[in-house]
Amino acid sequence: MLKQHRELSMSIRRTIENNGEAGIRPSKTYQSFVAAAGSHRELNFIEKDVRNYITREVRNVSEQEDAKEFESRAAFVYFGDIISFDTTYNTNRYNLVCGSFVGVNHHGQSTLLGCSLMKNEEIESFKWLFQCWLRCMGGNAPKGYLTDQCASMKRALEACMPTTVHRWCIWHIMKKIPSKLNGYKGHADIEQQMSHVVWNSHSKDLFDRNWNDFLVNFGLADNKWLSDLYEDRHIWVPIYLDHHFWAGMRSTQRSESMHSFFNKYITRNSSLIQFVKQYDNCLGSREQAERESDAADFHTVIPCATKSSIEAQFQDAYTQAKFREVQAQFRGKANCITRLKNSALGYSVYEVGEQVSSSIFDRFAVTYDSVAAEVKCQCLLFESRGILCRHALSVLSFEQVSQVSPRYILERWSKKVKRQHTHIKSSHDEPLMEPRSKRFDQLVFRSQNICEFASESEELTAILHRAYDNVMAEMEALKAKRKGTSSLSHEDANLESVNELQSPPRIRTRGRPKNRLGSKLEKQIANATKKKKTKVLSEINLFDAASVAHSNCSQYQGQVINYQLRVQAAGDNSLGV
């Protein structure tokens with residue numbers, strides 16, 4: 001089909017745009033047009049026109065990016081204290097590494113605070129990325145940062161955010177145990193004991209002793225991987241880090257879950273412009289989930305599980321998700337036995353035994369200062385997650401405390417704070433469209449109801465046809481008066497004038513190079529195939545030349561009846577490539 005005879009009608013363009021926003025691939029969109037028209041021959045455009053029209057939408061990206069940046073910056077004010085950053089997502093056709101900056105909102109949900117595409121994972125690349133992201137977030141560094149064991153990332157963070165506490169993902173470290181230690185006899189016991197040492201050492205001194213005993217008992221003193229882990233224990237072992245607030249995060253699994261969430265919107269073959277659009281959709285989806293949770297907090301209340309006035313305090317202040325976490329601690333209090341060890345001048349030291357199985361008790365030291373109304377537990381749950389633990393609640397119950405100090409009710413988890421970022425209009429709230437596209441959508445919306453009503457009978461259909469004839473004649477007369485002036489928007493450019501978005505060069509990957517020298521047989525097969533394709537294409541071109549006057553009669557999404565009175569001239573409303 002010749003380029004000058006290919007065109008995209010307004011209904012086709014709007015369908016392409018809507019399908020693109022919904023994450024439907026161009027090939028599927030084109031196939032839907034073919035199915036609606038009956039065959040490829042009934043369409044006066046090709047699949048390439050659909051793809052190239054999508055690339056033209058890059059004109060709106062800069063405006064949308066400004067809205068997204070402002071929105072992410074507003075969310076960062078509330079949820080940017082702890083950030084999880086991960087770059088394991090690498091499923092794009094350019095082999096670019098995708099990284100996501102993920103925080104935790106007041107419902108405990110993951111919230112997206114930024115995204116990046118990187119060509120490599122070198123130190124200078126990470127430095128540039130972190131500096132750019134900090135500028136976007138107003139120059140305020142987070143208090144805590146979770147990453148995997150990437151040496152380049154670690155050095156870049158030290159340079160860009162020297163005051164931020166850096167934490168390695170403990171899940172990734174523990175996952176490596178089988179592969180690192182499976183050469184040792186009894187590696188299953190080794191894994192179990194190492195896990196016990198890491199998770200059940202409730203003081204730094206106790207961890208050091210338990211770790212040393214672990215190495216001696218299993219003959220692992222010379223293992224370099226374990227030696228390196230011990231040297232870096234301050235960056236991954238819970239007891240060395242849990243005195244800082246982490247919003248409940250100990251791993252980068254939130255970032256990886258966000259990457260899994262991306263898969264609903266982005267495929268390996270997505271272009272960069274599609275990636276930007278679908279990132280916006282992903283952001284909108286997360287915001288919608290937050291708004292729904294906010295509405296649930298406003299309209300419903302979870303009943304208290306006990307008669308405790310302290311529980312009622314948290315019920316009144318916290319979001320439902322966080323109040324459920326508080327209630328889990330109140331239920332766990334039933335397994336705790338509290339014993340006073342000593343007390344002087346209002347300062348008491350307790351030992352709380354928690355029954356974790358039929359014969360095993362874990363013991364925790366809890367202090368209570370009645371003058372300062374301060375309670376502190378050795379497990380550091382409140383310090384790391386912002387939720388009072390069952391051991392501290394047991395002591396408060398023992399002391400007959402009826403109300404906890406406001407310091408234990410964090411604004412971070414409050415349902416009463418009006419957060420600005422949920423009230424900012426962004427590109428997914430009010431899509432940026434050309435005036436003609438807006439007018440078209442409004443007309444289609446109204447015509448749907450009219451067409452549905454008229455289709456009930458032949459008489460009603462005839463009335464609508466006559467009305468269409470009259471309206472079309474009136475519009476043609478008005479257009480004739482304005483002949484010589486262009487009423488078309490810049491959307492209505494010829495398809496030949498559309499340039500494709502320049503994509504980044506693809507990174508070479510391992511495997512057989514494309515310019516491999518083929519065998520004599522392979523060359524013969526390739527030449528024969530090429531000749532056959534050339535012959536078929538020649539026949540198709542002859543057919544297209546004979547059917548050049550065929551107009552596009554496809555419907556708008558199969559829902560809107562297009563009343564066509566005549567075929568427009570070839571250059572009147574064409575868009576091609």
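Q: Angles between helix axes under 35 degrees count as roughly parallel, those over 145 as roughly antiparallel, those from 65 to 115 as roughly perpendicular, and the rest as oblique. Why, then, are α5 and α6 called oblique to each other?
A: In this predicted model, helix α5 (residues 123-136) and helix α6 (residues 151-160) pack at about 45°, with their axes 8 Å apart. That angle falls in none of the three named ranges, so the pair belongs to the remaining class, oblique. The axes are lines fitted to C-alpha atoms over the stretch in contact, and the angle, from 0 to 180 degrees, is taken between N-to-C directions. Helices (H or I, at least four residues) and strands (E, at least two) are DSSP runs counted from the N terminus.

Q: What conventions apply to the numbering and to the predicted model?
A: Residues are numbered from 1 along each chain as its sequence is written, and side-chain values use heavy atoms, without hydrogens or water. As the model is predicted, local features need pLDDT of at least 70 and side-chain atom pairs count only at pLDDT 80 or more, while totals for chains, interfaces and linings use all residues.

Q: What is the handedness of the crossing of α5 and α6, and which residues make the contact?
A: The crossing is right-handed, that is, the near helix is turned clockwise from the far one by less than a right angle (anticlockwise would be left-handed). From α5, the residues in contact (heavy atoms within 4.5 Å) are I123, F126, K127, F130, Q131 and L134; from α6, they are S152, M153, R155, A156, L157, A159 and C160.

Q: What makes up the contact of α5 with α6 in terms of nonpolar, polar and charged residues?
A: Its residues divide into 9 nonpolar, 2 polar and 2 charged. Here Ala, Val, Leu, Ile, Met, Phe, Trp, Tyr, Cys and Pro count as nonpolar, Asp, Glu, Lys and Arg as charged, and the others, Gly among them, as polar.

Q: Why are α15 and α16 called roughly antiparallel to each other?
A: Helix α15 (residues 309-317) packs on helix α16 (residues 320-332) at about 165°, with the axes 9 Å apart. The angle lies over the limit for this class, and the two helices are therefore roughly antiparallel. Their crossing is right-handed. I310, E311, F314 and Q315 of α15 meet F323, V326, Q327 and F330 of α16. This contact holds 5 nonpolar, 2 polar and 1 charged residue.

Q: Why does T29 count as buried?
A: Buried means under 20% relative accessible area, exposed over 50%, and partly exposed in between (1.4 Å probe, protein chains only). T29 has 2% relative accessibility and therefore counts as buried. The residue sits in helix α2 (residues 26-37). Apart from neighbours within four places in sequence, T29 is in contact with I16, N19, I24 and V50. Across the protein chain, 41% of the 577 residues count as buried.

Q: Why is L345 called exposed, whereas A373 is called partly exposed?
A: The relative accessible area of L345 is 85%, so L345 is exposed. A373, at 32%, falls between the two limits and so counts as partly exposed.

Q: What makes the phi values of L345 and A373 notable?
A: Most residues other than glycine have a negative phi. L345, however, has a positive phi near 55°, in the loop between β6 (336-344) and β7 (347-355). A373 is not a glycine either, and its phi is about 55°; its loop joins β8 (361-369) and β9 (374-377).

Q: Why does E399 count as partly exposed, and what does it touch?
A: At 28% relative accessibility, E399 lies between the limits and is therefore partly exposed. Its place is the loop between α18 (390-398) and α19 (435-454). Leaving out residues up to four places away in sequence, E399 touches S348, Y350 and Y368. E399 is also 8.8 Å from S370, C-alpha to C-alpha, at a separation of 29 residues in sequence.

Q: Which record covers residues 364-400?
A: An unreviewed UniProt entry annotates them as "domain: SWIM-type"; such annotations may be inferred rather than shown by experiment. The end C-alpha atoms of this span lie 20 Å apart, and the span is 38% helix and 27% strand.

Q: Why is D294 called partly exposed?
A: Its relative accessibility is 27%, so D294 falls in the intermediate class. D294 lies in helix α14 (residues 272-299). H106 is 188 residues from D294 in sequence, yet 9.4 Å away in space, C-alpha to C-alpha.
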